[in-house]
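This report describes the fold of a single protein chain and then turns to selected local features. Please consult the sequence and the model shown below while reading.

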Amino acid sequence: MDQDPDLLSDHGDVVDQMQREWARLRPDLSFASLGVIHRVLRASRLILEASDAFLADYGLTRGELDVLSALRRTDEPLSPTTLAHTLLVPRSAITMRLKSLQVRGLLSRTANPADGRSSLLVLTDAGSGLVDEVIPAQLALEDALLAEIPPGVVEGLVDPLRALTSVWEQGRGHQTGSSKNGRSGAAPTSPGR
């Protein structure tokens, strides 16, 4: 069901409405986590939508720019596995991005001398040039997106978001739940507990 933005602004955002609807249907459950998780997910989707639309003029997606940027920032060639881990994307998604970027002459692959089954990736001169052209424009877009937020709010988001990502990145690899029937529901524990 489409929501009227004017109606939502008087009564919160879409997530507030989701919480009210779920609370009505399932008053036995707490939907507090939905307020954080779904706002982070929605913010991410909105940022990616704006970024992909902007980057289309450069013939890139945000995922492709992330690959090119990771290669541009490093002084050494990277393996596809390292890229997938760094960018938090499935190996299959990295493979698709790498093929597209390689066909367009933006990166090159060489055999990995330490692992014959793997390759190492480096930017070509064209890839480096494209990243150097796109990054200032991408930063201007992101600054413009954040400029729409009331003053002081953005600065207040940095530390809480860092806390979220830090805890979750440290906990990667730990299972917090498994199958539908066997969910533990337990919060991940920090190392040393």
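The crossing of helices α3 and α7 is right-handed. The model is a predicted one. The axes of α3, residues 32-55, and α7, residues 125-147, come within 11 Å and cross at roughly 140 degrees. On the α3 side, the residues that meet α7 are Ala 50, Ser 51, Phe 54 and Leu 55. Their counterparts in α7 are Val 134, Ala 137, Gln 138, Leu 141 and Leu 145. By class, the residues of this contact comprise 7 nonpolar and 2 polar, with no charged residue.

**Overall architecture**

The secondary structure of the protein chain consists of 8 helices and 2 strands. Read from the N terminus, the order of elements is α-α-α-α-α-α-β-β-α-α. The chain has 193 residues, of which 24% are buried. Of the contacts between residues at least 6 apart in sequence, 46% join residues at least 24 apart. The exposed surface of the protein chain amounts to about 13,400 Å², and carbon and sulfur atoms supply 57% of that area.

**The strand pair**

Strand β1, residues 107-112, pairs with strand β2, residues 115-123, in the antiparallel sense over 6 bridges. The two strands form a hairpin with 2 residues between them. Among the bridges, Thr 110 has Leu 120 in β2 as its partner, and Asn 112 is partnered by Asp 115 in β2.

**Two individual residues**

Two residues are considered separately, one in a helix and one in a loop. Their locations and relative accessible areas are set out below.

| Residue | Location | Relative accessible area |
|---|---|---|
| Glu 64 | helix α4 (residues 62-73) | 8% |
| Leu 88 | loop between α5 (80-87) and α6 (91-103) | 47% |

Is Glu 64 buried or exposed? Glu 64 counts as buried because its relative accessible area of 8% is under the 20% cut-off. Which residues are in contact with Glu 64, leaving aside its neighbours within four places in sequence? They are Gly 59, Arg 97, Ser 100, Leu 101 and Arg 104.

Leu 88 has a positive phi of about 60 degrees although it is not a glycine. This residue lies in the loop between α5 and α6. Leu 88 is classed as partly exposed because its relative accessible area of 47% falls between the 20% limit for buried residues and the 50% limit for exposed ones.

Key: Residues numbered from 1 in each chain as written. Predicted model: local features only at pLDDT ≥ 70, side-chain atom pairs only at ≥ 80, totals over all residues. Heavy atoms only, no water. Helix = DSSP H or I, 4+ residues; strand = E, 2+ residues; numbered from the N terminus. Buried < 20%, exposed > 50% of the residue type's maximum accessible area, 1.4 Å probe, protein only. Contact = heavy atoms within 4.5 Å. Areas by Shrake-Rupley, 256 points an atom, 1.4 Å probe, with all protein chains shown as cover. Axes fitted to C-alpha atoms, helices over the stretch in contact; angles between N-to-C directions. Left-handed = near helix turned anticlockwise from the far one by under 90°. Nonpolar A, V, L, I, M, F, W, Y, C, P; charged D, E, K, R; others polar. Pairing = 2+ DSSP bridges.
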